[in-house]
Amino acid sequence: MSESLFEVQVMVNGLLRSGQVPARRLLSDFLRHDLELTGTHVGCEHGVCGACTILLNGKAVRSCLLFAVSVDGQEIVTVEGLVNQDGSLGSVQQAFQDSHGLQCGFCTPGFITTISAFLDENPDPTVDEAREAIAGNLCRCTGYQNIIKSVMRAAEIRRATDFSGSGIVTA
Amino acid sequence: MKPAPFEYVRPSSRSGVLAALSEAGDEAKVLAGGQSLIPLLSMRLASPKVLVDINRVPEFSTLHITDNQVVIGPTVRHQELFDSVAARQAVPLLAQALSFVAHPVIRNRGTSVGSIAHADPSGELTAVLALLEGVVTIESLRGSREVTGSDFYVGPLESVIMPGEVATKVTFARLPVNMGTSCVEVARRHGDYALAGVCAAVVLDEERAVDRARISLFSIGPTPIVVDISQLLTGSRSSTATFIEAARFIASTVEPEGDIHATAAYRKNLVEVLAAKALKSAYENALSRVESPR
Amino acid sequence: MTTRTFGEPVLRREDPRLVVGKGRYLDDLGHGSYEAAFLRSPHASARIVDIDVSAAIGMPGLIGIYTYDDLDGRVAEPLPLLIPHPNLTGGRTGYPLAKEFVRHVGESIVMVVAENRYLAEDAVGMIEVLYEPLPPVVGIAAALAGDRLVHADVPENIAAHMVQEVGDARAAIASSKNQLSLDLHIERSASTPLEGKGVYAIWDSDSGEMRLWSSTQTSTGVRAAVAAKLDLPLQKVECTAPDVGGGFGVKIVHPWPEEILIPWAARLLNHPVKWTEDRREHFISSAHERTQLHHVEVGFDDSGRILGLDVSFSHDNGAYTNYGIIVPIITSTQLLGPYKPVTYRVEFKSLYTNTVLVTPYRGAGRPQGVFAMERTMDAIADFLGITRDKVRSTNFIRPEDMPYDHQLIFQDGRPLIYDSGDYPASLEMLKQMIDWDGFKEFQHEARKSGRQVGIGIACYVEGTGVGPYEGGFVQVETSGRVNVSTGLTSQGQGHQTAFAQIVAEELGVPIEDVFVTTGDTRRFAYAVGTFASRAAVMSGNAIALAARNVRSKALRIAGDALECDPRDLEIIDGSIQVKGDPTHSIQLKTIAVLSNPLRYAFDESTKAATQFATGDTSKPPIPDGEEPGLESRDYFSPMQSTFASGMHAAIVETDPDTAEIKILKYVVVHDCGRLINPMIVEGQIHGGVAQGVGGALYERMEYDEGGQLLNASFMDFLMPYATEVPFIETGHLETLSPLNPLGIKGAGEAGVIPGSALIASAIEDAEGFQIRKMPISPSELWQLRIDHQSGLIPSLKAKEIQV
């Protein structure tokens, strides 16, 4: 009565990764346990909290609401992949440090990927737009004040470094 | 919370999808966006034997806008439809409603056809289909059929789609220039399902008074409720009072249910408040469309 | 020059690791271990008739299935009742796996261990349990009625009944010129950290040692409990709290059933075992808090001065009392806030219901007490026609009254004596920041354009830095690295930064050289835990004391080496030098070498030290009373808690048609003594305020009459998103604590405490009628408007007279 296994091949943070998993293996679990990229976190498994958010072909999506088999052949970026080429913190990551945008850090990876994708499309947001952009992710520690500041700071860092592209590096 | 095991097929063609669904019968579920389905699987509230993943059928992801229609394939994501300028111009109500659907990250994966097929009476697009009499094309190995507007809905989370069938497109007619629309709702939190919501469509006559008006309600009944209030509003202009009166009438016809988030009486009150707002807004939308046609 | 660090908004040392996804939370550990899942009760109250696991045997990947009958030794005994109390006459706890009865939906009945969580859940799904459902007790009214019992041997469902009084409040009220009576209600919510609980255990059968990780607020507590339950010497058990994704109180309870069962299984199976709680489990099998019904009688004079305050309340403690009656005791004592009623009587009944257990959630009973007190204050103000700030300041304890003895016993078993605080100054600052005096005009203008706005205010005092003690260890290595450890734990409070700031300042070393470990019993074994806003006060001070010991030893040894008086020395950037003479110096790391006389020179540091060898042969190499190494362990154990305080004000707008409630402005004035890191303190306040807003407007655990939790998911339990939390403005006062060397008070819970009281106050001002129950939704507000229009709820008095 064992389940069939499917071969899944995905580009993750610029590297080709693969695994053999049952169809029901959630992408969040595939990343965390099969690929041991534990930066993506699981807070609810029903798509509401956003801690599991990753970038699929450049778009922010909930990895707990995807099966690994469904993304075979596609490209994923996780929080680990948002560091700069030289290993320094990416713009959004640096912004979170500068603005005290995290406390326990559990929700943070989901915010970082979400904000990264948001700023790719909207490099110069207003505070209200920043708040709206993060309004689908839950945080219990920060009261969101400094996360909104982190969005604005990230935009500032990107402008200052003459940013172009989403900073994906081979991890 | 992990899903129970299932067989998984991912056909790369329309015929492959139909064959897989036919073979599995009522033991199959279609996986499109998965944003509604996968939580049910993870909570083990549903455990289909077969999951048919339709995301790799190239023609399914087509969003096609012509002079007359907006044609939405079953794997077109909410966000794509929302971002489409052409779709917005042809059927503005789609974008108006989509702005309330969940959050952008969910919209990046969730599909509009999937949402319509899911038949959630709290779904904004469910109400849009009913109001605008959008046409759902349902296919199976036996052939294809079309179902229009409210006829598509049977009950909460239940459409007319039978085992072996799948919705392969939803078609909306381009709105005439003299039709304006709006969508309003009240939700507990940003992005939540509405406690009550109203979509409205108002058509103007040559003198720019109201000729016809229809609304559809979501989160109020087991399926979207469509009310035609043309009789009450014909010939009126921007008089808030007439919209309020029409809204009062609409509210008097509904008997919503209460739940942990809102009482029945409050929902009824919301219908009245929101219907007035929606009608006024649709009227103003119609005026601006007529005044500056594209 | 050494940069000052204490009091500075130093960026967090934790962050670089966490923002790149290199955190190590519980579920990130234990790759390759077996995983557990539980069959949990679907009934609120039932007798277990039979458990049939036959269909689950042989399931793929199944390792073992365990019920109560499989438990042995102390594991089969009831879970410990922490914090016993003489008034807790009906204290009861459950078993790690239900023995015969289940008393809430979610109680664990069967544990399944399998190769992974998917397979474990599959096996759980195949187990059939036959129940005899029993009529459940849900809600305080049902508990009080007493016709059905949660525990057959606890009459009337009363776990505890307690009265505390100062003076004769009832007589004072009876003889007061004015009296009022209020009935108040706060509903159940919960901590809901983003990361649930989790346990991971490795049994080393070669050495007979248990290595255990738990997402806990007290690794020392868990270690001790596991050692006791598994009959292991304490030395053979080590427990670490890894990175923890939020606690907020729910993770201070210990041992959870899983904290015993997972190590037990690891030993039984001789294989690592892990359990990660999922979100539904967290809703139905962790802990909740907040439900209380209060009846207040108050007597006051015409200036609003309270002459007698008589509070009786019912507290819903859920199905078991694992954490004793701390929450209602805190409510009883902290209800008084910054005020000094002449007489006070408080009585509570802590009642069982067939719902999830109730243990502290950030605020821990204070929100309920503050709600009672602050609603009473507003009611007095309205009755007399005086302003709400005036009635409060009339009742304030004055700075000159400090220390102020309330003559009550606080949650730590010690007298409730406020050490310091300046409530009038806080109120002044608050009024400025919110423009209290200008609001009437703003409200008037708003009304003209059809808008409904109101302003609210709420004050609180919080006993922080609760004992009995915490410890700190500071050690300078020969490399110059400074290791710091303390036994309590971290869930995002920035301890690795704040404690490093303390040591960097005390020792005069760059903060980059200071590394802090918390929550690991291998690094510091004596500790209590992180709760009650105590970590900075307790561990901060202990660490400061240890650092001062290290400093003084270093200066003494340096004095010998440099042949000068230690009092003439200073430490700058890790270099000990004669004040004003940098040429005459020695490195702190060299002192570390000198402090540990060895035969062997390993490296450059040790070799370089030989030039300073004092070679004083009149003393042994390690003199009496000394130890080798440049390190010290010290403890801080205060006589009592230290009392922080704060006041919040907010302006809300209510929609005339939809009754939606929007917060337009939110201001916090906060006094927690000296701030180690103002950025971190402010962050703590922000998070607390968000939980306060959540608790006031969105969050409620909805149980139906059958004891089913209707909203056991994030879809229907409404935690606020960024769009629901207003912009928060904060002002700080620093009234030093006289009770500890650093002069600090706790800050962790401050933000949440007055939330419901504040929002109720503001909505009342906007609507013109009483708000006595929270949380409140638009639907409920709308219904209250109707009740008010039909005369069921009285209006507030029309005018306010400036007294």
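Over how many bridges do strand β5 and strand β10 of chain B pair? In this predicted model, β5 (residues 69-72) and β10 (residues 166-173) of chain B run antiparallel and pair over four bridges, where pairing takes at least two DSSP bridges between two strands. Strands here are DSSP E runs of at least two residues, and helices are H or I runs of at least four, numbered from the N terminus. One of the bridges puts Val71(B) opposite Thr171(B) in β10(B).

Both strands belong to an open, antiparallel sheet of five strands in chain B, ordered β4-β5-β10-β6-β7. At its edges sit β4 (63-65) and β7 (143-148) of chain B, each pairing on one side only. Neighbouring strands are turned by 20° on average, direction ignored. Helix α1 (residues 14-24) of chain B lies across β6 (135-140) and β10, at about 70° to β6(B); axes are lines fitted to C-alpha atoms, for helices over the stretch in contact, and angles run from 0 to 180 degrees between N-to-C directions.

Turning to chain C, β27 (residues 661-671) and β28 (residues 728-733) pair in the parallel sense over six bridges, with His670(C) partnered by His732(C).

As for chains A and C, 48 residues of chain A are in contact with 43 of chain C (C-beta atoms, placed from the backbone, within 7 Å). On chain A, α2 (91-98), α3 (108-121) and α5 (145-160) each supply at least two residues of the side touching chain C.

Residues are numbered from 1 along each chain as its sequence is written, while chains are lettered from A and ligands numbered from 1 in written order. Because the model is predicted, local features need pLDDT of at least 70 and side-chain atom pairs count only at pLDDT 80 or more, whereas totals for chains, interfaces and linings use all residues.

Notes:
Two residues are in contact if their C-beta atoms, placed from the backbone, lie within 7 Å.
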